[in-house]
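Let's take a friendly walk through this structure, one region at a time. Have the sequence and the 3D view at hand as you read.

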Amino acid sequence: MKILLLAMPDAANNFHRVIKVPSLGLCSIAAHLTGHEVRIADLVLVHKDIRSWLRILLEEFRPELIGVSSMSFQYESARVVMSICRESATGAKLVLGGYHASLACTELTEGSAPFDYLVRGEGEKAFPALVEALEGTRDFAAVPGLSWRRERTFIHNPTGELLDIDQISLPNRDARVLDHFTYFNRKMDCVETSRGCTMPCTFCSITGMYGSSFRCYTIERVIADLKELRRRGTETVLLVDDNITLDATRFRHLAEAIVENGLNSMEYLVQASVAGIVGDPELIPMLARANFSMVFLGIESVLKKNLQLFQKGDIREKTEQAVTLLRRHEIGVMGGFIIGNPDDSAEDIREVYRAARRLRIDLLYVQCVTPYPGTRIREELLASGLVTNHDDLSRYTGFICNVRTRKLTNRQLNRLMNWENIKFFFSPAMFRGNYFVKKREKGVLKVLLNNLDFVRGWFLGDQFRSRHRF
């Protein structure tokens, strides 16, 4: 069977000129579709005149089955993509998957859905099972996590059990029809070393996808994947784990293996928790030896009341320790913060930016609390009447405020966030001793160009909305 897997073009982040990230999940699914002709198209690399480009691909490849992966803020684009597929690949079956499909399946299957099937949860087992059902060798009712039409209504099969992670094949990146993903003009790619997170953060949708679980690949399997990336000429590797530092000692052993196998010729980017990154005193020095150049640190807040709201515990002392140690070992720190919490005042939000300066965060990543479908915080904010945008999910990027607080209107919150970002990112301190732009080709220029989006957001209130065009 000819199968086409599509990732959406939306690039709603303030580093789109710096980094272009591929969909690793689609490559993982493709690896389990042996015996079929599979192609993957990351539309984020098309970005302009997507309709014409996609029509040409559909006419040349003539897929029989098309899988569309979508986050919540990408669903509007997914609907357009599926309509193009209906027009240009008549007869092809359409499947929707990804986080939004998994967390909002009931709403998506009400009324006239633009897809034929919906897959919830992990796709490595479910998608091949659906292919078998389409080929007549399996009953549709036996496909785990499948939502499928029977007459005019959708039947929702039971969600499948979490996969045995040792049975997941290495990603099939050869199926990509586009492969020029970059980080500061360096060829980059992604690797997954674990899945899931056991933390109870109310704003996160990870537990809605995997439950409260943490599954790790063997270090040998990860090293084999990294060797494949090196063979492909990769220069920068992004580790896409949900929370790799849940087991800090294992993470250190992985960094040791990277050094032992000479894989530290590639640089590494990773997301980490504050408590986890300082959980093993030998971890950060070993990350430096393994050539980890940037850590996205999930600080979330510097205010005790908000840390309690997120169920993070009082990690303020550990935050200072983590940032200090990372910078001491010349590892750049991207600090992730969340504002717009129910009791946030203007002064509370200003304190986030002041704290980032005191900590000497290299790159600030401030998002407004967003009521994503399937999260506990959505239920709490709706019950409190604090959600100002219930339905336009295209604005659920994290950089556009869709809530108000008990002390600030939605407009006040948006403008305050933008103004503080402008002050931070245009400050000379942003570029002095900053590891994010240090030794980067055109690094300062790229960051400055991205910073102009903050000015645009000040006037229009839609900062970092994707600029892709169909």
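## Helix α2 and its buried face

In helix α2, the residues I50, L54, L57, L58 and F61 are buried. Looking down the axis of α2, you will find these buried residues within an arc of 95 degrees, so they line one face of the helix. What do they pack against? The partners of the buried residues of α2 are β1, β2, β3 and α3 (75-88). Do keep in mind throughout that this is a predicted model.

As for its dimensions, α2 has 12 residues and spans 16 Å from its first C-alpha to its last, close to the 16 Å expected at 1.5 Å a residue. R62 follows α2, and its phi is positive, near 55 degrees.

## The seven-stranded sheet

Next comes the sheet itself. It is an open sheet of 7 strands with mixed pairing, and the order is β2-β1-β3-β4-β5-β6-β7. At its edges are β2 (37-42) and β7 (153-156), each of which pairs on one side only. From one strand to the next, the twist averages 25 degrees.

Inside this sheet, β1 (residues 2-7) and β3 (residues 65-69) run parallel and are joined by 5 bridges. To find one bridge pair in the view, start from I3, whose partner in β3 is L65.

Two helices can now be placed on the sheet. Helix α2 (residues 50-61) packs on it, touching β1, β2 and β3, and the direction of α2 makes about 165 degrees with that of β1. Helix α6 (residues 123-134) also packs on the sheet, where it touches β1, β3, β4 (93-97), β5 (117-119) and β6 (146-150). The direction of α6 makes about 155 degrees with that of β3.

## R232, an arginine in a loop

Further along the chain, look for R232 in the loop between α8 (219-231) and β12 (236-239). Is R232 buried or exposed? Its relative accessibility is 18%, and because the cut-off for buried is under 20%, R232 counts as buried.

Which residues does R232 touch, leaving aside those up to four places away in sequence? They are R173, D174, R176, D179 and K187. With D174, the side chain of R232 also makes a polar contact of 2.7 Å.

## Strand β15 and its parallel neighbours

Now turn to β15 (residues 332-339), a mostly covered strand in which 8 of its 8 residues are buried. G332, M334, G336 and I338 point one way from β15, while V333, G335, F337 and I339 point the other way, and all are buried.

β15 has parallel pairings with two strands you can trace in the view. With β14 (residues 292-300), β15 runs parallel and shares 6 bridges; here V295 stands opposite V333. With β16 (residues 363-368), β15 also runs parallel, again joined by 6 bridges. The bridge partner of G336 in β16 is Y365.

## Helix α14

Our last stop is helix α14 (residues 346-359), which has 14 residues. From its first C-alpha to its last, α14 reaches 20 Å, close to the 20 Å expected at 1.5 Å a residue.

Which residues of α14 are buried? They are D348, I349, E351, V352, Y353, A355, A356 and L359. Just after α14 comes R360, with a positive phi of about 65 degrees.

Methods
Residues are numbered from 1 along each chain as its sequence is written. This is a predicted model: local features need pLDDT of at least 70, side-chain atom pairs count only at pLDDT 80 or more; totals for chains, interfaces and linings use all residues. Side-chain values use heavy atoms; hydrogens and water are left out. Helices (H or I, at least four residues) and strands (E, at least two) are DSSP runs, numbered from the N terminus. Buried means under 20% relative accessible area, exposed over 50%, partly exposed in between (1.4 Å probe, protein chains only). A polar contact is a pair of N or O atoms within 3.5 Å; within protein, one must be able to donate a hydrogen and the other to accept it, and residues adjacent in sequence count only if both atoms are side-chain atoms. Contact means heavy atoms within 4.5 Å. Two strands pair if DSSP finds at least two bridges between them. Axes are lines fitted to C-alpha atoms, for helices over the stretch in contact, and angles run from 0 to 180 degrees between N-to-C directions. The expected span of a helix is 1.5 Å times one less than its number of residues. The arc is that of the directions from the helix axis to the C-beta atoms.
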